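Biologist: I have a new model open on my screen and would like to learn how to read it. Could you walk me through it, one feature at a time?

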Amino acid sequence: PTTAPTTGGTITVSHTASGSVSTVSFADGISTVQRRGDSYWNVSTANGLAGGTYNLRIQGNGFGTVNDVNDLRLTLVGSVVGTAGTNSGTTSVPVVNRTGLTLGNLSNNFYFGSANGANSPLPIQLLSFEAKPSSDVVKLVWVTVSELNNDYFTIEKSMDGKDFTDVKRVPGAGNSTRLINYNTEDPNPTKGLTYYRLRQTDFDGTTTTSDIVAVRTTSEIEFKIFPNPSDGSKLCARIIGSDQEEVILTIHDMQGRQVYTKTATLTDGVINIPLDLEFQLPVGQYIVTVPIGEKTYSQNIVIKK
């Protein structure tokens, strides 16, 4: 404190980490804070602490691209309290000060900001990441507005949004304070719904991952009942190319009466489904139907002895 509290107590500080950065615009004296790291320090007071005025100081590394320590500010999420102090340290280990805080000001979340987004943009910021189907490939495009020690990106994909495999590696720009457009493609996309994400790796091996994006590639559904003709004792349904988790198969006779139905679970969009008939279908013709998405697929079958 710069002036002593009237009653003693405790001050507790905790940190919540984040690798992302937000673009902001709010005044800090004659300067405007333009960028804010999304990591923050929570300061709370307790046990009867009252009165006094306080200074805060952040010191450390890993804050991103900083070319001048005087660009840096200690802020709230979208405003400031107190006065920007005189910073010191180095661009790799800066010391950022905030002065003249009241006890009420002190109980807040404090963020690391920059009043010069071009010169000191802080960590790598991924502006966008998209996956777009195009002919027989899926195109992956993303944009960064700053990079720090960025070795490479890895495109990853998944069928279920949980287990991901590598598709392709793309070199990063190392250190950059300009907007960079990246693009590559998955030359062997899976038909149906596929999930993609972007993993970024620093020179020291530290990684961060983007949000997951989903893309659906067009595919023709193959629906087939076999054997056909059949003796009516055993049938199997083959469904290929569906990303639907469950399907309901129904058999009707030629008078429209339902004679059989079964709910089946699909796996990876390709499955042979035993129909497990509890009786032998009489000789005649039947229609087997299955709704998939907005379309109902059907096939005529013939039962003969």
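Modeller: Gladly! Let's begin with a term: helices and strands here are DSSP runs, numbered from the N terminus, with at least four residues for a helix and at least two for a strand. Asparagine 47, for example, sits in the loop between strand E3 (31-46) and E4. Keep in mind that this is a predicted model.

Biologist: How many helices and strands are there in the chain?

Modeller: The chain has one helix and 23 strands. Its radius of gyration is 31 Å, well over the 19 Å that the globule rule gives for 305 residues, so the chain is more spread out than a compact globule. The C-alpha trace spans about 100 × 45 × 30 Å along its principal axes.

Biologist: What share of the 305 residues is buried?

Modeller: Buried means under 20% relative accessible area, and exposed means over 50%. By that reading, 42% of the 305 residues are buried. As for the surface, the chain exposes about 15900 Å², and carbon and sulfur atoms supply 48% of that.

Biologist: And how far apart are the mean positions of the positive and negative charges?

Modeller: There are 24 positive and 28 negative charges, and their mean positions are 3 Å apart.

Biologist: What share of the contacts joins residues at least 24 apart?

Modeller: Take contacts between residues at least 6 apart in sequence: 63% of them join residues at least 24 apart. Threonine 65 gives you a separation to look at, although this one is a C-alpha distance: its C-alpha atom is 8.2 Å from that of serine 176, 111 residues away along the chain. Threonine 65 belongs to the loop between strand E4 (53-59) and strand E5 (72-75).

Biologist: Is threonine 65 buried or exposed?

Modeller: Its relative accessibility is 10%, so threonine 65 counts as buried. Set isoleucine 30 beside it: at 89% relative accessibility, isoleucine 30 counts as exposed. Isoleucine 30 is in the loop between strand E2 (21-28) and E3. Its C-alpha atom lies 23 Å from that of threonine 53, with their positions 23 residues apart in sequence.

Biologist: Let's go inside a strand. Which residues does asparagine 97 touch?

Modeller: Asparagine 97 is part of strand E8 (residues 94-102). Leaving out residues up to four places away in sequence, it touches Leu56, Arg57, Thr83, Ala84, Gly85, Thr86 and Asn87. One polar partner stands out for inspection: the side chain of asparagine 97 reaches the backbone oxygen of threonine 86 at 2.8 Å. With 17% relative accessibility, asparagine 97 counts as buried.

Biologist: Where does asparagine 105 lie?

Modeller: Asparagine 105 is in helix H1 (residues 103-106). Its relative accessible area is 18%, so asparagine 105 is buried. Its side chain reaches the backbone nitrogen of threonine 102 at 2.9 Å. Beyond neighbours within four places in sequence, asparagine 105 is in contact with Val81, Gly82, Gly100 and Phe110. For a distance to check on your screen, its C-alpha atom is 9.9 Å from that of leucine 76, 29 residues apart along the chain.

Biologist: Now a glycine. Which residues does glycine 117 touch?

Modeller: Setting aside residues up to four places away in sequence, glycine 117 touches Gln34 and Arg35. Glycine 117 is in the loop between strand E9 (108-114) and strand E10 (125-134), and at 15% relative accessibility it counts as buried. From C-alpha to C-alpha, glycine 117 and asparagine 87 are 17 Å apart, with 30 residues separating them in sequence.

Biologist: What should I know about backbone angles?

Modeller: Most residues other than glycine have a negative phi, and most peptide bonds are trans. Asparagine 47 has a positive phi, near 60°. At 62% relative accessibility, asparagine 47 counts as exposed.

Biologist: Which residues does a cis peptide bond join?

Modeller: One cis bond joins asparagine 228 and proline 229, with omega about 5°. The peptide bond from phenylalanine 226 to proline 227 is cis too, with omega near -10°. Proline 227 lies in the loop between strand E17 (222-226) and strand E18 (236-240), and proline 229 is also in the loop between E17 and E18.

Technical notes:
Residues numbered from 1 in each chain as written. Predicted model: local features only at pLDDT ≥ 70, side-chain atom pairs only at ≥ 80, totals over all residues. Heavy atoms only, no water. Rg over C-alpha atoms; globule rule 2.2 N^0.38 Å. Buried < 20%, exposed > 50% of the residue type's maximum accessible area, 1.4 Å probe, protein only. Contact = heavy atoms within 4.5 Å. Areas by Shrake-Rupley, 256 points an atom, 1.4 Å probe, with all protein chains shown as cover. Lys, Arg positive; Asp, Glu negative; His and termini not counted. Charge placed at Lys NZ, Arg CZ, Asp CG, Glu CD. Polar contact = N/O pair within 3.5 Å; in protein donor to acceptor, adjacent residues only side chain to side chain.
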